[in-house]
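Here is a small set of exercises to work through with the model open beside you. Try each task on your own, then compare your steps with the solution.

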Amino acid sequence: MASDTGKNPTEMLQQIWWAGVRAVDGHAAVLRSLAQKPIAKPDQIIAVGKAAVAMAGAAVETFGPVPTLAITKFGHATPGVPFEVFEAAHPVPDQTSLAAGARLSAAVANCGPKSHLLLLVSGGASALVESPIPGISLADIITLNRRLLASGHDIASMNAERKRISNIKGGGLLAQFGGARVTVVAISDVQGDAIATIGSGIGDCPKDVTFAVETRIVASNAVAREACAQQAQLMGLPVISNAETLYGDVRLVAANLAAVLQRSAGGVCIWGGEPTVILPAKPGNGGRNQALALLLAREIAGRQGVTILVGGTDGSDGPTLAAGAIVTGATWGEPNGTQALDSADSGSFLGQQSALFTTGPTGTNVMDIAVALLD
């Protein structure tokens, strides 16, 4: 099969990346799951996370008018949806996160004794909703989250700490439910796809419950990567690698990916996961995807025929508006590149190179996907 030579490498990479993201779209994933495995009509629908509006929309489309609440990140709402949308802060909580936590708790606690709750969960809930235990202030929560985001810890370690100070994480939310049945439908943004880790366990179930519980994962990084691979093959491009290996410190991840690229010839490499970054006291502009992209640009500096896209599947990379970046062997430059890496200011450097990859909110969140095209 001939490759799609009518497009340049950047266009081809974006086509492959978007194929993966669309395969895990929150609306489509929930709609498909509810059609394949129907459930009884719920009495209350609650969606929490970056994909909340898309997921809630699919549930309302399936069941018709049902009391519905969606809590999502600022800028991730869709105008005109027929249900309540509450926007809150991410990645660092603020007062809106406490208000969202109170609204969420009230919606769950107000469910009647015979009620069925459909809880839709996606990544981002850890910052979006919070209800601290006694003795913990908003300032304490902000300090903790900033420390965790700068620490280089993986998401499982961070969420374990977040659970300890929360009334609604780690099973605390559903402990407030007094109804008959809960169905939890989740999009995974964590390694291992454990419901106890997604959103710090906002959809996890406490022990010794008196209601029936069903949990299902409807989208994950593996699903997205497989769709990327299928798209590459449709374009006539051999898939060299397809692995969930973007874990660990971003500098080590970049070195490992560069080693794969060094020994590979013509084709596509696809990687998924979520690397970690240790931030300086006063970080610049950028997120983990932009940092990884810039590190890879340094690794392939001067090499022709290699183009790499690194992007967060939710469309946002850390506190920035870009999803990530697209780099080539011509992107790297000294001394500004090294200075940008050292000061966690990769976004500024990549912006100057017109290398940022900006998508807007995607309606899903299954960690990150990196795609490399070798000519």
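**Strands, helices and cysteines**

Strand β8 (residues 267-273) and strand β12 (residues 368-374) pair in the antiparallel sense over 7 bridges. The model is predicted: local features need pLDDT of at least 70 and side-chain atom pairs pLDDT 80 or more, while totals for chains, interfaces and linings use all residues. Residues are numbered from 1 along each chain as its sequence is written, and side-chain values use heavy atoms, leaving out hydrogens and water.

**Exercise 1. Place β12 in its sheet, and work out how well β12 is covered.**

Step 1. Get the terms straight. Helices (H or I, at least four residues) and strands (E, at least two) are DSSP runs numbered from the N terminus, and two strands pair if DSSP finds at least two bridges between them.

Step 2. Read the strand order. The open sheet has 6 strands in the order β7-β8-β12-β9-β10-β11, with mixed pairing. Its edges are β7 (239-246) and β11 (356-357), each pairing on one side only.

Step 3. Look at the neighbours of β12. Towards β8, I270 has V371 as its bridge partner. Towards β9, the strands run antiparallel and are joined by 7 bridges; here T307 is partnered with L373.

Step 4. Check burial (buried is under 20% relative accessible area, exposed over 50%, partly exposed in between, with a 1.4 Å probe and protein chains only). In β12, 7 of 7 residues are buried. D368, A370, A372 and L374 lie on one side, and I369, V371 and L373 on the other.

**Exercise 2. Find how helix α1 lies on the sheet.**

Step 1. Use contact in the sense of heavy atoms within 4.5 Å. For directions, axes are lines fitted to C-alpha atoms, for helices over the stretch in contact, and angles between N-to-C directions run from 0 to 180 degrees.

Step 2. Trace α1 (residues 9-23): this helix lies across β8, β9 (306-312), β10 (324-328), β11 and β12, at about 35° to β9.

Step 3. Now turn to α10 (residues 288-299), which touches β7, β9, β10, β11 and β12 and makes about 165° with the direction of β9.

**Exercise 3. Describe how α6 and α7 pack.**

Step 1. Two packed helices are described by the angle between their axes and the distance between the axes.

Step 2. For α6 (residues 138-151) and α7 (residues 155-164), the axes come within 10 Å and cross at roughly 170°.

Step 3. Classify the angle: under 35 degrees is roughly parallel, over 145 roughly antiparallel, 65 to 115 roughly perpendicular and the rest oblique. The two helices, α6 and α7, are therefore roughly antiparallel.

Step 4. List the residues that meet: L144, N145, R147, L148 and L149 from α6, with M158, E161 and R162 from α7.

**Exercise 4. How many disulfides are there, and why is C205 not in one?**

Step 1. Apply the cut-off, a pair of cysteine sulfur atoms within 2.5 Å. Searching the whole structure gives 0 disulfides.

Step 2. Look at C205. Its closest cysteine sulfur, in C111, is 14 Å away, so the two are too far apart for a bond.

Step 3. Repeat for C269: the nearest cysteine sulfur belongs to C228 and is 13 Å away. C269 counts as buried because its relative accessibility is 0%.
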